[in-house]
Each structure stands twice: as structure tokens, then as C-alpha cells.
Amino acid sequence: MKNINKDIKTKNFKPVYLIYGEEGKLRDDTAKRIEAAVLAEEGYKDSFEGDLDPSDLINTANTLSLFGGLRLIAVKDSGAFSGVKKYEGLISYFKDPNPDCIIVFDEKKVDKRSKVYKALSKTGYSLECKKPAPKEIRAFIQKEAKAENISFDKNAFDYFTSNLEDNFSSAENEFRKLAAYAMGKDRISLEDAEAVTTQKLESRIFDLVDAVGYKKSEKALEILSNLVLMKEEPVLILVSIANQFRRILQYKYLSKTMSRDEAAKHMGVHPYAVSKAAAQAKSFTNKQLISALSDCGNALKQAFSGNMDIVRSIEIIIFKYTY
């Protein structure tokens with residue numbers, strides 16, 4: 001990204017850029033930034049989208065401008081770097097590109113082993129837009145909130161960001177929903193966040209384990225029933241429950257020598273997940289957690305061998321630790 005920022009600032013553009021990866025918003029925004037910078041230099045734009053005929057792109061790129069200035073060609077989701085042989089016609093152009101033309105490829109999938117990708121890498125610049133880490137999502141939400149003059153209560157921010165998907169587009173949409181719901185407020189409370197946020201499976205598992213810890217079997221069974229009705233995979237539910245018991249046990253040991261923030265970093269999880277583990281640690285002894293992990297493991301073995309229905313196994317675990 002530093003190289004692209006430098007090119008935009010100095011107006012010294014590469015003849016071809018490839019912006020690719022799973023993070024769609026970052027990919028699209030970066031491609032648009034390059035386009036805007038090129039067009040600001042009295043350039044003009046051509047576009048291609050979808051399946052690409054290499055000869056059409058090359059002919060367009062080599063066409064002389066009647067008005068001068070740079071030609072910008074935006075190419076989106078072409079499949080040109082998929083390894084398909086027909087796209088190898090682009091290689092000759094990449095070796096000798098038109099200096100008055102800037103091509104920007106915006107692609108979700110790329111095969112780095114392909115000849116076309118390797119040829120572009122020698123002439124232009126490629127940037128992979130990976131899925132953001134949780135800390136990047138949190139920083140993104142903080143930036144969006146600041147722009148809207150909105151602040152969060154800490155527990156509201158932790159709850160909200162822990163339920164976001166690992167992409168900026170979804171995070172932005174969820175923030176817009178929350179900001180609209182809390183319109184007129186300058187501070188978002190936990191109640192605001194809970195009213196709007198779509199809970200991820202992990203958060204619902206937090207609630208289920210909370211209910212087990214507080215010996216509320218009916219509440220735990222209700223959450224389990226809702227998860228099944230929502231078509232969550234029973235195996236994934238059981239594995240998620242086991243993971244939360246493991247996380248609680250891990251936190252209990254780490255908390256003897258580490259702060260909560262240090263434990264979160266060591267465990268590689270969202271701070272909200274560690275705060276839940278810290279709260280739930282008060283409801284279970286180490287012996288109970290080890291036993292629960294063993295029960296979850298045995299339930300998985302029985303389920304895979306066909307000896308027990310997984311949902312029934314989870315119900316038995318809930319009853320065992322709420323009575």
C-alpha cells in the first residue's frame with residue numbers, strides 16, 4: 001500500500017496495477033483511488049468487467065488518444081490471472097506497455113503461479129487485500145465513529161466489534177445501521193449495540209455457556225433450540241462450546257501471571273471474548289472445565305460413530321452442568 005500511496009502522491013504511475021484478494025471494500029477503494037489520481041491528470045477512462053478478451057484490452061490500451069493525457073483502463077473480475085491459457089496474450093503487452101495508458105485490475109481471485117501474474121509483477125505492481133485482523137476492524141470502526149462524532153461505551157464497543165464479520169464492507173454496513181438506530185445520541189450504549197447487532201455464533205455460544213454457568217438449564221436449552229432452528233450445524237455448535245470451555249480454562253491459568261489485555265494477546269482472540277471468559281471463569285472450577293472438555297470430546301466421537309445424536313449430546317452436557 002505504501003508504494004501505491006507514493007505513486008498517487010508523486011503522480012508517477014506504474015503502467016499496470018493488480019489489486020486482488022478477499023477484502024472487497026479495500027480492494028475496490030484502492031482501485032478507485034488510483035483511478036481518481038490518474039483521471040485528475042486530464043485523463044479519461046475505459047472499463048471492462050467480467051470475462052475478458054485480451055485482444056480487446058490490448059487494442060484499447062494501444063489506441064492513441066485524440067485529446068492527450070493519460071488513458072485509464074479499469075478492469076474488474078476479468079479472471080485474467082486465473083491461469084487460463086487464453087489470457088497469456090496479455091504477457092506481450094506487459095513486456096512493452098503503452099506509457100500513456102494505466103491499467104488497473106480489480107480481481108477477487110488470482111493464481112500467483114500463472115504466467116500472466118508473473119509477467120505483470122515484473123512490469124507493474126500488485127497488492128493483495130487480505131481479510132482484516134480483528135484489531136484492523138476495531139480501528140476501522142473507531143475511525144468511522146470519529147468521523148460521525150460518535151463515541152462508544154467500552155462494553156458496547158467490545159460487544160459490537162466482536163460480532164462483526166472479518167471484512168470492512170460488512171463492518172461499515174453494521175456501523176451505519178447502529179449509527180442510524182442511535183441517531184441523536186453522541187454515545188452508544190451496550191443496550192444500543194445489543195438492539196441492532198446481529199450476533200455471530202460465538203456470541204450466542206457465550207450466552208449458552210453463561211446460562212450453563214448460572215445453572216439456567218431452560219435458558220441454555222432455549223438458546224440451543226434457536227441455534228438449531230437457525231440452521232447452525234450441530235457439530236459446529238458442539239465444537240464452539242468446547243472451544244469456549246477451553247478458553248475459560250486457558251484464561252484461568254493465564255490470569256495468574258497476566259493482565260486481561262496480555263491474556264487476550266497471548267490467546268489471539270478479541271478482547272470481548274476474553275472479558276466473557278474472565279466473567280465465566282467465576283462460574284466453573286478447573287475440574288468442571290476439564291470434565292466438560294472431556295464430555296464434549298466424547299460426544300463428538302459418539303456422534304461421528306453414529307451412536308448418539310449431536311443435539312441430544314449437547315442437551316445432556318447442559319443438564320450435567322446445570323444441576
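# Questions on a predicted model: sheet, helices and buried residues

Aspartate 106 is found in strand β4. The structure is a predicted model.

User: Is aspartate 106 buried or exposed, and what is its relative accessible area?

Analyst: Aspartate 106 is in contact with Ile19, Arg27, Asp28, Ala31, Val75, Lys76 and Asp77, leaving aside its neighbours within four places in sequence. Buried means under 20% relative accessible area. Aspartate 106 falls below that cut-off and is therefore buried, with a relative accessible area of 6%.

User: How many residues of β4 are buried, and which way do they point?

Analyst: Ile102, Val104 and Asp106 point one way from β4, while Cys101, Ile103, Phe105 and Glu107 point the other way. The residues on both sides are all buried. The strand is thus mostly covered, and the number of buried residues is seven of seven.

User: In what order do the strands of the sheet stand?

Analyst: The sheet is open and is formed by five strands, with parallel pairing. From one strand to the next, the twist averages 15°. The order is β2-β3-β4-β1-β5.

User: Which strands stand at the edges of the sheet, and why is one side of each left without a neighbour?

Analyst: The order of the strands in the sheet is β2-β3-β4-β1-β5. Each edge strand has a single partner strand, so one of its sides has no neighbour in the sheet. The edge strands are β2 (44-49) and β5 (125-128).

User: Which residue of β4 is the bridge partner of tyrosine 17?

Analyst: Strand β1 (residues 16-20) pairs with strand β4 (residues 101-107) in the parallel sense, over five bridges. Within β4, valine 16 stands opposite isoleucine 103. For tyrosine 17, the bridge partner in β4 is valine 104.

User: Which residue of β4 is the bridge partner of valine 75?

Analyst: Strands β3 and β4 run parallel and are joined by six bridges. Valine 75 is also among the residues in contact with aspartate 106. The bridge partner of valine 75 in β4 is phenylalanine 105.

User: What angle does helix α2 make with β4, and what angle does helix α3 make with β3?

Analyst: Helix α2 (residues 24-39) lies across β1, β2, β3 (71-76), β4 and β5, and runs at about 170° to β4. Helix α3 (residues 54-62) packs on the sheet and touches β2, β3 and β4. The direction of α3 makes an angle with that of β3 of about 160°.

User: At what angle do α6 and α8 cross, and how is that crossing described?

Analyst: The axes of helix α6 (residues 134-147) and helix α8 (residues 168-181) come within 10 Å and cross at roughly 40°. This angle makes α6 oblique to α8. The crossing of α6 and α8 is right-handed.

User: How do the residues in the contact of α6 with α8 divide by class?

Analyst: From α6, the residues are Glu136, Ile137, Phe140, Ile141, Glu144 and Ala145, and they meet Phe168, Ala171, Glu172, Phe175 and Arg176 in α8. The residues of this contact divide into seven nonpolar, no polar and four charged.

User: How is α12 oriented with respect to α14, and which classes of residue make their contact?

Analyst: Helix α12 (residues 234-254) and helix α14 (residues 271-280) pack at an angle of about 75°, with their axes 9 Å apart. That makes α12 roughly perpendicular to α14. Gln244, Arg247, Ile248 and Tyr251 of α12 make the contact with Ala273, Val274, Lys276, Ala277, Ala278 and Gln280 of α14. By class, the contact of α12 with α14 has six nonpolar, two polar and two charged residues.

User: How far apart are the C-alpha atoms of cysteine 129 and tyrosine 20?

Analyst: Cysteine 129 is found in the loop between β5 and α6, and it is buried, with a relative accessible area of 1%. Not counting residues up to four places away in sequence, cysteine 129 touches Ile19, Tyr20, Gly21, Glu22, Glu23, Leu26 and Arg27. Cysteine 129 and tyrosine 20 are 109 residues apart along the chain, and their C-alpha atoms are separated by 5.8 Å.

User: What is the C-alpha to C-alpha separation of glycine 124 and lysine 14?

Analyst: Glycine 124 lies in the loop between α5 (115-123) and β5, and counts as buried at 13% relative accessibility. Apart from residues up to four places away in sequence, glycine 124 touches Lys14 and Val16. Glycine 124 and lysine 14 are 110 residues apart in sequence, and their C-alpha to C-alpha separation is 5.4 Å.

Methods. Residues numbered from 1 in each chain as written. Predicted model: local features only at pLDDT ≥ 70, side-chain atom pairs only at ≥ 80, totals over all residues. Heavy atoms only, no water. Pairing = 2+ DSSP bridges. Helix = DSSP H or I, 4+ residues; strand = E, 2+ residues; numbered from the N terminus. Axes fitted to C-alpha atoms, helices over the stretch in contact; angles between N-to-C directions. Contact = heavy atoms within 4.5 Å. Parallel < 35°, antiparallel > 145°, perpendicular 65-115°, else oblique. Left-handed = near helix turned anticlockwise from the far one by under 90°. Nonpolar A, V, L, I, M, F, W, Y, C, P; charged D, E, K, R; others polar. Buried < 20%, exposed > 50% of the residue type's maximum accessible area, 1.4 Å probe, protein only.
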